[in-house]
Every structure is written in C-alpha cells, then in structure tokens.
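Here are some quick notes from a pass over the coordinates. Have a look at the picture, then read on.

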Number of protein chains: 2
Amino acid sequence: MIRAAELIQRKRDGHELAAEEITELMLAYGRDEVPDYQLAAFCMAVYFRGLSSAETFALTDAFVRGGETINLSEALGRRVVDKHSTGGVGDKTSIAVGPLVAACGVPFGKMSGRGLGHTGGTLDKLEAIPGFRVELTTDEFVAQVRDVGLAIVGQTADLVPADKKLYALRDVTATVDNVSLIAASIMSKKIAAGANAIVLDVKVGDGAFMKTLEDAQVLGEAMLALGRRAGREVVCLLTDMNQPLGRAVGNALELREALATLRGEGPPDFAGLAFDAAVHLLVLSDLGVDAAEARRLVDRVVADGSAVEAYERWIRAQGGDPDEAALPTADVVREVPAPRGGYVAELKALPVGLAALHLGAGRRTKEDAIDPSVGVVCRKKRGDAVDEGESLAEVHARDDASADQAADELLAAYTIADEPPRRRPIVLDTLAA
Amino acid sequence: MIRAAELIQRKRDGHELAAEEITELMLAYGRDEVPDYQLAAFCMAVYFRGLSSAETFALTDAFVRGGETINLSEALGRRVVDKHSTGGVGDKTSIAVGPLVAACGVPFGKMSGRGLGHTGGTLDKLEAIPGFRVELTTDEFVAQVRDVGLAIVGQTADLVPADKKLYALRDVTATVDNVSLIAASIMSKKIAAGANAIVLDVKVGDGAFMKTLEDAQVLGEAMLALGRRAGREVVCLLTDMNQPLGRAVGNALELREALATLRGEGPPDFAGLAFDAAVHLLVLSDLGVDAAEARRLVDRVVADGSAVEAYERWIRAQGGDPDEAALPTADVVREVPAPRGGYVAELKALPVGLAALHLGAGRRTKEDAIDPSVGVVCRKKRGDAVDEGESLAEVHARDDASADQAADELLAAYTIADEPPRRRPIVLDTLAA
C-alpha cells in the first residue's frame, strides 16, 4: 500500500522523490487506489516545488504504462511522424501539415484531444466537415495510417487514462500551470500514440498558455528531454501567438484556410509555419532527406496538387466530404472597417479568440455545442497597410446582434499607427535534441 | 455558486482573499458543495502562502457558524472558563485544572477531541475510570456545568463539523503544519463550545508539535488574536515539552498523578503548570480576584481537600467511580535501573511517548484500542541526581516482552552526566491580549 500522504509531505518539503515512488503513486491513482484529494495536494506541492527531470520522466512513463500503447512503427514496418501544438488562436497547423508530409510519402498518425478554448481543437475543426468521423478504434487508426498514410483521430479512452483523470483534476484545482506537469501530460500522449518522430509547436504570446519566450523554452526543453528518454526524435518550434495564426479563426473558416494553404494560397505566416513543420518531419522521417531536399519536396507536392489529393484521400477515409463547398457557411457576414488609415501595429490574439468564442466557435464548458460555421477572418494583420474605411476583418455570425458584438471586439483588438511595426518572424526559436 | 478553482488560484498566487470569500468557501465545503480535492489544493496553497489574520478569522468564524454553538454564559448567567493544550507527552493538565477552578467556585466546561498520539487524549485518559461517560448531549453538558460546576466531554458531531471534516482531510494531504489552519481549528472549537475565558497551553519541544519557542509564539499570538476578535479573553502559556510533563505517561497512571496533584502531592513541574493555569482562569473569571488572591484560593482548595471533592463530584456526575483503587493496573511492573551515577542531563519526551505507545497506551490509527493500565513513570527527571543501579523509571506493561522493549527505549531516552544541567522553567512564556 502506497503512503501517499508521506510522498506529498516530502514533495511539499522540497525533496526529490524516487522514480519508483512517482510511478507507484500514479499507477495507484490510475487504479483509483489513491483518492483525488491526495493528488490535488500533491499537484499543488509540485506547483510550488517543481519536479526534477527524473521525476518528470517517471510521471510521463507512469502515464504511458497505465494505459494502451500503440506501436505504429512495428505495424507499418517504418517510421511514423506526429505533430503537437500547445494551442493558440487560429491554429489549424496539423490539418495542413498532415497532408503535406503524407503527400511526400511519410506516414502521419495523430491522436488529438478536444480543447476547451476560443475555437475548438483540431478534432472540432475536422468535425466541421460533413460526415467526418474522429472516433476510430485503435485498429482502424493503425490501418488508416498504413493504408492511407494519414489519420487524425480522437484519443481513445484507453490511452493514458491516468493523465486524462489527472488533467481533469488539475483543471479544477488551479494546478495546470506547471511546466513539468504540462510536459508530462503532452509527451505521455505522444509517446503512447506511437509515432517515432514528433514536431512540437509551443505557442508564445497573449493568445497562448506560455506568455514569454523564456517560459516556452523551459517547456520545450522539458518535452525534448522526455522524448529523448523515451527514444523519440523531437524538434520543438517556439512560435508567435501575439496575433492569430493565419487569418481565419473559426472551425469551417480554418479548414478553408488549411485547404488554400495546401494549394499554395495560404497566408504567409501560417503557410510558413506549416511548411517548416512539414520539413522538420520529413528530415526526421525515414526518407533520408536533408532540410533543403525536404523543402523542395514540400514545394513540389503543393505545386503539383498532390498535397490537396492527400487531404482528399484522408478526409474520405474518415467518412468526410472533402469538397470545400460542403463546409457550412454562416448566415451573416459583416465587414469591420478601419476607423483610420495607417499600419496595423498590433492585432491581439486573445480578444480575437474571445470574439470567435462569443460568436459560438468554441466552448466555455465541456457541454457547450460548437457552431462550425461562425468565426472571424482577419484581412489585415500586423504590419499591413490599411486605408480609412477599408475592411480590417470579416465577421461570420449566426445573427446581426452577435455580428455587431464581434465587430466591436475585433476593432478593439486592432491598433493602427502611422508607422509600420518591426517585423517579427513566426518561428521564434527551434529546439532540437 | 462558488468558484472554488478561482479562489484556489488567487491564494496560490499569493493574493489575500476577502473574508466573505473564505466564509463562502468553507460554508459550501461544510454543505458538501465543494469537493475534498479542491479543499486539499487550497490547504496546500495556504501551506505555502499563509493566511492573513483577517483570512484566519474568517475561516474560524465559518467553522463556528457552520455548526452548533453553545452559549454557556447565557445558560449559567455567569462567566465560564475552558482550557486547551496542543498536546504533549504526559499532559493530563485539564484533569487537574478543572477540579482546581471548580473547587474555587468557577464553572469549567470543556469539549475535547480524541487524539492520535503517544497516549490517548484527555477523553481516553478519563475513560480509564470505570463507568465514566464522555459522550454527553449538549443539554447534559450545559446542565452539568451549571449544576456540578465542571464537565469535560467529547465534542458533539454538531460542533464545528466543517473543521472536523477539514482536519481529517488535512491529516492525509500533508497540510496539517500551518499556523493559521491550526489556530483556526483550535479556536473555532473553543469559541463554539461557549466558554468566555480560555487558557491555552502551547507545548514546545521534541515531544510537541511546535519544536521551537518562536513557532509556538507565532501560533499563540494567532490564537490570541482569534479569541480577541470573537470576544473571548485568552491567555496563552508556552510550556516546556523537551521532557515528559510530570512523571506519569499512560492513561490510568496519569489519572493517579492528577489526583495526587489535587492532594498537593504532584510532581513539581506538572503541579506548577496546573496551578498556574488555574490561577490564570480564576483571574479571567467573574470572581474578581487578582493573581495573588487566585493563588491563595488554589492553595486553599488543595490544602483543605475541596479540590479532590470537586474531582469526585465531577467523576460521579459523568457516571464514573472516583476511587483511585478502581483504576486499572498493569500485570507487569519493571524498574529501569541507572547504568551509571550522576545527574539526568536530558530525558527526551518523544522516545518516552513512543515507549508508552508501544506498550499500548496510545493509538497509531483511529481503530487501535487503548490499554488504560499500561505506561511509564519517570522517577528521575531532568536535573535529578541518580546513583548507579537506582531506578530511573518504572514500566507498567501487559507482559514481560513489551516491558523489556519499553525498558530499552526508556534507557535510550535518558542522558546521565557528571554535572547537573541548567534549570529550565516549565512555563517558558505567557502571552496575553
């Protein structure tokens, strides 16, 4: 029998626990042998005292060992890649990156959670496609990665169940904000889901969980270390979330933007990030290409239409209609005119995300229903010139009242100045093992 | 609906909560509307961030308001006194103090909890008396204080139920050791139980919860402040627990020592403390006496036998047999001879307490049964001269094997030196509002 109270006390007093102690605690918690209240106190002690890298790995490992693990590379006889983002406003990167790497011949298999956020998570965005099924069994998932080269599905209940249980607890006990706990939660899912190589995208800025580059670096390094210890190849991109990613924020709107990007018509920041992530994954894959060759491959699958074809094959494999015209559209589309001319000095991510949330694009509680048609398209972004009265953004709404409110919120998110702001790259830093 | 997660987060981040927020949180917890896991995280955040005095009072007040409150002074038409100790090895003070003040004509009413400790709490000690009932209803308690002038009973389930619930939670989540939480827990019970004037005895030393005088002072000041805010008169004694209090450790043995003290034959340290506490209570009572008069009164009730008579009336009122001969005795009594001559330089309290616990005098878990007959009598205490082979202590045991073990443990608790140690008073400091 594990003496949970003693482990809590030692963590509270700043001691490092043995790996076996962390493992035993988490396995017992997963089996409901240690109650939520002891884990809540433990997580708060961790919030104040932190976890060493050995403790963090033990936690990650316990999450993985407590549930199903998928060995994609054994099933396929080759290396499989995956991608994860910490989430931000307008982040539809996986929906573009998956088809890009699949079109280059590299299998991509991703299990995704559902987000509580301004817009839905990747799964919610994909569900804007009529007929699309996100709930595949593990066997269906593996078979689709093998046969179609690409699958993005909901995380099965058997994958890292203790992480799922602990995350729900942390969410209601103010113990989410700890780098070690975040890193273990993310990496356990990635490790259990079976990909050999993973590109992580840690968002930094007002619309992201990590507000500063330093915090994002600490999280990125922690995740790299966990991946390395678990025998995975990992690259971590730290990317800007001080404005929305791309132009579209809202589920069907973001899918259209991802599709445009696969045709080579995406907004420069989003396309740049999606192509970069794809290049990293190709370099980590079993293609045996360097970054320059990988870049040429990605450019080619965009130019010759095979990226769009890979998208269509994938969507059809999961039961969806890949035709862009099948995506839902909002009843009301409202322009937001610029109150003055100049340059967009700032376009804050968080208020844009909140405007989309208020339109119905996201969920505040687990029970909220998402409206896939609504959202925002930011026609002007940071650094863009704008004339007085020109459209800054487009609101897609269910009705006039919500459109009015969103237009006001968007206007407040923009700052227009006489001079253009300093340029800021989308990828702020790249960490690799 | 209370947003507990938000309150936890604000406490975690070092902010002071509004009194109403603490009140609302604790009342909701008492009504089972906030789950244990949120309070566990909250208490751990409090462990690291502390509570302001306003927050601590709000917590105390919420504990009191969440349950029954007894207005002893209204029921009696006069002031009632009470006493509380934070607990230590050989602490039978209340059993002597109650009869001392009652014999002087001051009503004494105490509700006590059961301890998990080396020996039982006050209730367990009293239950060594054949027939003694600790479970009185509130009405019986009030009537006995009025009619007999003295009652010491178990805390009713309706008194500070949220404190009871929270204490059980803190006990298994490593969140006991926080001065504000301890002070609120103790003072809420004292305030709800209705006495107007309270003497607190905070033990300091290896056998106590507070290891240093500084820590004890902080706790004492916190409790004084809470009493003052609740309109009670409080004096706090900080007393030595670097050796057992008195000579006897074990339930029936301690009762005999308390009785001897009421006859004026108690060990000097214990008698000194009991008389001091009684004097403070008389001064705080409605007798209108100063300390010198109170001291004369206490000396008189000891000398003329009325203290013993008050004890006997009290024990009979609660169904017990006050005859000392009725107390249980152990089968095996073993002397512990001194391995050398000299002076007792040290007699550690904790190992003496553990020896008594191992003999069966205390309980390790709530389910353990206590043997009232067993324990230890320390014939020699700090500063006493001893000859080689002379008895240091007496073990009262169920059998030879446990007597042997206890004798070894006791021997290890003693340090004998050539020179006598520096004298140390029993009362180290006295705090008053």
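1. Charges first: chain A carries 48 positive and 66 negative side chains, and the centres of the two sets sit 3 Å apart. Lys and Arg are taken as positive, Asp and Glu as negative, with His and the chain ends not counted. Each charge is placed at NZ of Lys, CZ of Arg, CG of Asp or CD of Glu.

2. Some housekeeping: this is a predicted model, where local features need pLDDT of at least 70 and side-chain atom pairs need 80 or more, while totals for chains, interfaces and linings use all residues. Residues are numbered from 1 along each chain as its sequence is written, chains are lettered from A and ligands numbered from 1 in the order written, and side-chain values use heavy atoms, without hydrogens and water.

3. On symmetry, a turn of 180° plus a shift of 0.1 Å along the axis lays chain A on chain B with an RMSD of 0.0 Å (least squares on C-alpha atoms of residues with pLDDT of at least 70 in both). The two copies are thus related as by a two-fold rotation axis. Of the residues of chain A, A:Y37 comes closest to that axis, its C-alpha at 1.8 Å. Both copies use the same surface: 100% of chain A's contact residues (heavy atoms within 4.5 Å) recur in chain B.

4. As for packing, 58% of the 433 residues in chain A are buried, meaning under 20% relative accessible area with a 1.4 Å probe, protein chains only. The C-alpha atoms of chain A fill a box of roughly 70 × 45 × 40 Å along the principal axes.

Key: Buried < 20%, exposed > 50% of the residue type's maximum accessible area, 1.4 Å probe, protein only.
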